[in-house]
Amino acid sequence: MTQVTDKQAENPYIFGDAELDRQRLQTQTKLFAGYLRHHAREFCGSRVKSILDLGCGEGQLGFVLKEVYPDALLVGVDRDAKAIARAESQAALLGLTNTRYEVQDIEHELSAGQFDLIYCSVIMLHMRSPQQAVARAYAALNPGGYLWVKDFDPEILADSEVIRFLGGSNVRMIGLLTDGMAKIGRHPYFMAELPAWLEQLGAENIRSEREYYPLGGTSAEGIATLAIGLGAFLTAQPRLAKAHDISERELAALYSEVVNRALSTKEGSQAFLGNIIAQKPAAASNGGMAAG
Ligand SMILES: C[S@@+](CC[C@H](N)C(=O)[O-])C[C@H]1O[C@@H](n2cnc3c(N)ncnc32)[C@H](O)[C@@H]1O
């Protein structure tokens, strides 16, 4: 396992308290697992023999991909050494073979090998240069391999159904969160540009798929989706206050307004993430991964 400095390991996630955010991400991953399990073969076929889970966190989504493609090599990469250690021990507990985990900051390098599927779940928006990170990932694909990027879909900010349910204060809250990321040099809106970047790289079969989740209401999933969004805002508050030059008191008041609105209705709505999946052309002669 590659070593990183303490400084890198200490700041695994750009907002807030690392341990709190870890717990939030564990819940989020449980929510994400079903969609991945259900759609992996539909999007990437059945012949995947090697998988890179980029920004794998504690590895849970990679474990789902291992369920779908049990014979494939699974490599997980993340810059958070603690998360990688947990992924390694969990993989051992599950008795998984043909897995490997590496601590790597993919902003600077990607040297994990060549893959048939590179899965990037909520990672690219954390990059200072997602375009370069995408190019690096694309270069690590085998011919015929798939790059699958799942991330925040900026279209949600203009979705009339979401706006109707969330109301003005909640939409402001999401905007503060995403604009706050942009102000510190991250790219929460990059998904709108990704298809063009992929075309420039020569990718083919570029498809966009929305991943829907219930939002609010009385179902366990709807409550979890809401809690994950609120949790992000809560842990990010000190940094958001600085980024936007707003008092923490004002942010706390906004947060209470949003929570009260959510609690005052039993009727839920839907939220969504974006998925963009693209394929590297199969090389004519070197026996790259065939479609299927
Ligand atoms: C929102 S979490 C997503 C985790 C997992 N992919 C999932 O969907 O559950 C973002 C992950 O990206 C990792 N990350 C952020 N910047 C990174 C970088 N430059 N290099 C490698 N990993 C990074 C974080 O440590 C964190 O585990």
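These legends accompany close-up views of a predicted model of a protein with a bound ligand.

**View 1. Overall fold of the protein.** The secondary structure comes to 9 helices and 7 strands. The protein has 292 residues, and 38% of them count as buried. Among contacts with a separation of 6 or more, 77% link residues 24 or more positions apart.

**View 2. The shell around the ligand.** The ligand is surrounded by 21 residues. The closest are Gly-55, Gly-57, Arg-79, Asp-80 and Ser-121. By class, 10 residues of the shell are nonpolar, 6 are polar and 5 are charged.

**View 3. Helix H2 at the ligand.** Helix H2 spans residues 18-44. This helix gives the largest share of the ligand shell, with 4 residues.

**View 4. The crossing of helices H6 and H9.** Two packed helices are described by the angle between their axes and the distance between the axes. Helix H6 covers residues 160-183, and helix H9 covers residues 248-263. Their axes come within 9 Å. The axes cross at roughly 135 degrees, so H6 and H9 are oblique to each other. The crossing of H6 and H9 is left-handed.

**View 5. Residues at the contact of H6 with H9.** On the H6 side, the contact is made by Gly-167, Ser-169, Asn-170, Arg-172 and Met-173. On the H9 side, Leu-254, Glu-257, Val-258 and Arg-261 take part. By class, the contact has 3 nonpolar, 3 polar and 3 charged residues.

Technical notes: Residues are numbered from 1 along each chain as its sequence is written. This is a predicted model: local features need pLDDT of at least 70, side-chain atom pairs count only at pLDDT 80 or more; totals for chains, interfaces and linings use all residues. A residue is near a molecule or strand if its C-beta atom, placed from the backbone, lies within 6 Å of it. Helices (H or I, at least four residues) and strands (E, at least two) are DSSP runs, numbered from the N terminus. Ala, Val, Leu, Ile, Met, Phe, Trp, Tyr, Cys and Pro count as nonpolar, Asp, Glu, Lys and Arg as charged, and the others, Gly among them, as polar. A residue is buried if 20 or more other C-beta atoms lie within 10 Å of its own, exposed if 12 or fewer, and partly exposed in between; C-beta atoms are placed from the backbone. Two residues are in contact if their C-beta atoms, placed from the backbone, lie within 7 Å. Axes are lines fitted to C-alpha atoms, for helices over the stretch in contact, and angles run from 0 to 180 degrees between N-to-C directions. Angles under 35 degrees count as roughly parallel, over 145 as roughly antiparallel, 65 to 115 as roughly perpendicular and the rest as oblique. A crossing is left-handed if the near helix is turned anticlockwise from the far one by less than a right angle, and right-handed if clockwise.
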